[in-house]
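Q: I have a structure to read and do not know where to begin. Can we go through a few of its features in turn?

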Amino acid sequence: MIVLGIESSCDETGVAVVRAPATGTPKLLAHALHSQIDMHQAYGGVVPELASRDHIRRVIPLARHVLAEAGMSLAQIDHVAYTRGPGLAGALLVGAGVACSLAAALGRPVIGVHHLEGHLLSPFLSADAPEFPFVALLVSGGHTQLMRVDDVGSYELLGETIDDAAGEAFDKSAKLLGLGYPGGPALARLAAFGDPSAFTFPRPLLHSGNLDFSFAGLKTSVRNQVMKLGTNVCEQDKANIAAATQEAITDVLVRKSLKALRHTGLTRIVVAGGVGANARLRERLNIECATRQIRVHYPELALCTDNGAMIALAAAMRLQRGTAVRQLDHAFNVQPRWALASAAA
Ligand code: KG4
Ligand code: ZN
């Protein structure tokens, strides 16, 4: 079974081809990505209308490229998958439009995939694939969630952010430090030169007794610190603030993840979403989990941020289990707001 996957929920156009046997882990045959970072950088964030227009320009050439790389023709595709939500409505509609039209032309079913399901299953494409059940820490630009995952489609929300997402906290703090967009990788690079103990930023809800997060206060503390230093702020101060910010965010993520593992009694954790690429988060989590005999699984670094491979994979894993929702009418269908728990099998 061959699945073509299309991702267009935000500022990355991703297309991929996956081959799935009747059982066992699907294999990635080819994937290609176009990031719009350069285009949005001038505006300090994603401009939805520009994002949609760029997806239109990129998606067909990327699909051609991926098929050529996989050595396949369109006729060999059995299913077309696309990101149905959550995300920017206009951007999602581009992927949906192309996927539904292509599937209709080929006479194949089309499958709308939940973007976060793609992220949390993405480690199955890595050499060190997890086994069910596991705890998933989903940390992206728009979401911060801890889930209990028993199988594909069996997701229990354990906790989530009540305000900003972890990626948003990275991005907003980076902006206050005058770093470019997206702020997460830029802040992480600067943090490498800083002393995390030079400043102490709050760790909200750390002792809340539940598994929820809150990052809005952190951004306010960073803003206050930057304003306090005013024009006296030097490069070392900025690096120290970056390091202390990264430490506060990763500290909360690690400690709440450990709490989720204790609470569920599970011994495996999957970390997915853009912030999962953060080296300090990985370092802390690896150390803490090693001492507790807990296995940590990450997607390949290139598949941490948005991509088409995770969308093709999620559709393929659902098809293997007979739980994929095939849209036989090929009608465009996007869900900009969509809770993962409601996408359960
Ligand atoms: O999963 P993703 O690509 O897109 C969404 O679905 O949101 O995540 C993007 C987020 C951005 O907030 C970005 O700043 C953050 O992931 N990010 C990072 C790193 N790489 C990406 N944050 C911290 N450290 C990184 N190395
Ligand atoms: Zn994402």
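**The zinc site and the backbone**

A: We can start at the metal. The model is predicted, and the site of the zinc ion (ligand 2) is irregular, with angles of 93 to 144° among its 4 donor atoms.

Q: Why is the site of the zinc ion (ligand 2) irregular?

A: Four donors count as tetrahedral if all angles lie between 85 and 135 degrees. The angles here run from 93 to 144°, so the site of the zinc ion (ligand 2) does not count as tetrahedral.

Q: Which residues are the protein donors of the zinc ion (ligand 2)?

A: They are His-115 and His-119, each through NE2, and Asp-306 through OD. These donors lie 2.0 to 2.1 Å from the zinc ion.

Q: What spacing do the donors follow along the chain?

A: A spacing pattern gives the donor letters and the residues between them. For the zinc ion (ligand 2) the pattern is H-x3-H-x186-D. His-115 belongs to helix α4 (residues 115–121), while Asp-306 sits in the loop between β10 (295–297) and α10 (309–321), so the pair ties together parts that are 191 residues apart in sequence.

Q: Are His-115 and Asp-306 buried or exposed?

A: Buried means under 20% relative accessible area. His-115 has 7% relative accessibility and therefore counts as buried. Asp-306, at 12%, counts as buried too.

Q: Now the backbone. Where are the cis peptide bonds?

A: The angle to look at is omega. One cis bond joins Gly-85 and Pro-86, with omega about -15°. Another runs from Phe-132 to Pro-133, where omega is near -5°.

Q: In which loops do Pro-86 and Pro-133 lie?

A: Pro-86 is in the loop between β4 (79–85) and α3 (89–106). Pro-133 is in the loop between α4 and β6 (134–139).

Q: Which residues have a positive phi although they are not glycine?

A: Here the sign of phi is read together with the residue type. Gln-293 has a phi of about 55°, and His-330 has one near 60°. Gln-293 is placed in the loop between α9 (279–290) and β10, whereas His-330 is found in the segment after β11 (326–327).

Q: Which of these two is buried and which is exposed?

A: The cut-offs are under 20% for buried and over 50% for exposed. Gln-293 has 65% relative accessibility, so this residue counts as exposed. His-330 has a relative accessible area of 18% and is therefore buried.

Key:
Residues are numbered from 1 along each chain as its sequence is written. Chains are lettered from A and ligands numbered from 1 in the order in which they are written. This is a predicted model: local features need pLDDT of at least 70, side-chain atom pairs count only at pLDDT 80 or more; totals for chains, interfaces and linings use all residues. Side-chain values use heavy atoms; hydrogens and water are left out. Donors are N, O and S atoms within 2.8 Å of the metal (3.2 Å for Na, K and Ca); water is not among the atoms, so sites may look incomplete. Four donors count as tetrahedral if all angles lie between 85 and 135 degrees; four count as square planar and six as octahedral if opposite donors are over 155 degrees apart and all others between 65 and 115; anything else is irregular. Helices (H or I, at least four residues) and strands (E, at least two) are DSSP runs, numbered from the N terminus. Buried means under 20% relative accessible area, exposed over 50%, partly exposed in between (1.4 Å probe, protein chains only).
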